[in-house]
Amino acid sequence: MSLSRRGARFGRRALVLVLLGVVAGVLTVAVTTGPAGSDSDPTHPLRADQTEGFGSDRLLGFTYGQNFSCIHRPGDDLDHNGVPADLDPAEFQAPHCTAGIQPPIDPTGDPIGETEPLYVIVPFFDGDNDGEAADGLAPTLKSLFGVVPDAFDTTPGEAVQCPEPGPPLTEHKGPFGTCTMHTTKIDLGPVLHSLGLIPANQVVQLPTPNHSHIIDGGNFNSIWWKVVVVLVTDKSVWPNAAGTAGITSLAKLRAAQQAGKALADVPTNFFLFFDSRQFQRSGGTGGSAMAAMPGMHMAGMSH
């Protein structure tokens with residue numbers, strides 16, 4: 001064999017080894033830098049980057065991969081100063097999360113109609129009849145709604161998933177108005193105007209209300225979710241902490257709305273990024289992860 005043939009063969013082998021090494025490196029990166037979240041069943045107490053939710057009458061664990069997003073579009077004037085967002089740098093120095101409006105796209109740029117909804121249910125009743133609210137809001141809330149809802153009570157009369165309730169359900173106990181990776185302020189101006197309670201184009205920033213979560217399904221990979229707010233006005237349908245009673249599925253949420261026990265959907269420009277996994281049913285057999293596979297939803301796929 002000539003030296004030139006040996007050199008060619010050696011060169012081909014070297015090229016193959018290099019390509020294999022590149023492929024292995026890519027696979028390693030793909031494994032170690034995959035979508036944020038968890039592929040295992042959630043357990044109590046949930047970590048600081050997790051919250052509970054409900055879906056398909058099951059208790060769920062959400063694992064958040066990054067912070068929230070509240071979309072401003074060119075031409076928006078969310079602070080109502082008369083200057084559209086594309087000409088107003090000041091509008092972007094703090095997030096402006098607004099209930100009552102909906103952008104046409106989500107944070108990925110995909111059409112909003114393709115984005116999975118997260119129904120944020122808010123207790124809009126006084127569950128313990130104490131008339132209390134944080135930040136001196138009680139008189140204003142009473143004058144607006146005729147009731148001081150548990151949504152703004154630092155000690156609500158019913159269990160909520162946000163703020164995080166603390167041990168034994170979550171490692172972290174969140175203060176009122178907070179929840180992991182959520183905004184801490186919501187502009188309710190458009191909603192209050194639609195109810196005829198205030199004039200148009202008013203900013204009404206209130207603390208993020210106490211709330212729980214509903215999704216349509218169970219297991220999802222990490223994706224962006226569009227937040228849809230639903231005010232629940234009847235204490236009898238509010239879900240308990242274990243998810244054994246009350247609104248624990250989209251079907252039950254729709255039934256409550258039909259019965260006049262919850263108000264209509266309120267769109268927002270607010271998005272959260274998380275994955276979802278079902279808790280094992282108590283007393284169930286092993287292999288729950290495998291049993292959950294048929295219900296798995298992949299990002300970008302319908303269900």
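Mentor: Let's start with a term: a salt bridge is a side-chain nitrogen of Lys or Arg within 4 Å of a carboxyl oxygen of Asp or Glu. This is a predicted model, where local features need pLDDT of at least 70, side-chain atom pairs count only at pLDDT 80 or more, and totals for chains, interfaces and linings use all residues. Residues are numbered from 1 along each chain as its sequence is written, and side-chain values use heavy atoms, with hydrogens and water left out.

Trainee: What makes Lys 252 and Asp 57 a salt bridge?

Mentor: The closest N and O atoms of Lys 252 and Asp 57 are 3.2 Å apart. That falls within 4 Å, so the pair earns the name. The two partners come from distant parts of the chain, 195 residues apart: Lys 252 is in helix α4 (residues 250-258), and Asp 57 is in the loop between β1 (50-55) and β2. Helices here are DSSP runs of H or I with at least four residues, strands are runs of E with at least two, and both are numbered from the N terminus.

Trainee: Are these two residues buried or exposed, and how do you know that?

Mentor: Neither, in fact! Buried means under 20% relative accessible area and exposed means over 50%, with partly exposed in between (1.4 Å probe, protein chains only). Lys 252 has 38% and Asp 57 has 34%, so both are partly exposed.

Trainee: How many salt bridges does the whole structure have?

Mentor: The search finds five. One of them joins Asp 49 and Arg 47, at 3.0 Å from N to O. Asp 49, at 26%, is partly exposed, and Arg 47, at 38%, is partly exposed too. Another joins Arg 73 and Asp 76, at 3.4 Å. Side chains of opposite charge can pair when their charged atoms come close.

Trainee: Why do Arg 73 and Asp 76 get different labels for accessibility?

Mentor: Set each value against the cut-offs. Arg 73 is at 33%, so it counts as partly exposed. Asp 76 has only 11%, which is under 20%, so it is buried.

Trainee: What makes Phe 68 buried?

Mentor: Its relative accessible area is 17%, so Phe 68 meets the rule for buried. Phe 68 lies in the loop between β2 and β3. A contact means heavy atoms within 4.5 Å, and the residues that Phe 68 touches include Pro 95, Met 181, Trp 224 and Phe 270. Phe 68 and Phe 270 are 202 residues apart in sequence, yet their C-alpha atoms are 7.3 Å apart in space.

Trainee: How do you know that Thr 98 is buried?

Mentor: Thr 98 has 3% relative accessibility, so it is buried. Thr 98 sits in the loop between β3 (69-70) and β4 (116-123), and its contacts include Leu 78, Asp 187 and Pro 267. Across the chain of 303 residues, 43% count as buried.

Trainee: Why is a group of residues called a nonpolar core?

Mentor: Because its members are buried Ala, Val, Leu, Ile, Met, Phe, Trp, Tyr and Cys residues joined through side-chain atoms within 4.5 Å. The largest core has 34 residues, of which Leu 118, Phe 270 and Leu 272 touch the most other members. Its largest share, six residues, comes from β8. A second, separate core of 19 residues includes Phe 54 and Trp 238. In soluble globular proteins, nonpolar side chains tend to be buried together.

Trainee: What makes something a pocket, and what volume does the second largest one have?

Mentor: On a 1 Å grid over the protein atoms alone, a pocket is an open set of points where a 1.4 Å probe fits, with protein on both sides within 12 Å along at least five of seven lines; lining residues have an atom within 4 Å of a point. The second largest pocket has a volume of about 400 Å³. Of its 28 lining residues, those closest to the centre include Phe 152 and Leu 188. The largest share of the lining, four residues, comes from α2.

Trainee: How many of the lining residues are nonpolar, polar or charged?

Mentor: The lining divides into 23 nonpolar, five polar and no charged residues. Ala, Val, Leu, Ile, Met, Phe, Trp, Tyr, Cys and Pro count as nonpolar, Asp, Glu, Lys and Arg as charged, and the others, Gly among them, as polar.

Terms used. Points joined across faces, edges and corners; volume = space filled by probe spheres on them. Lists of a residue's contacts leave out its neighbours within four places in sequence.
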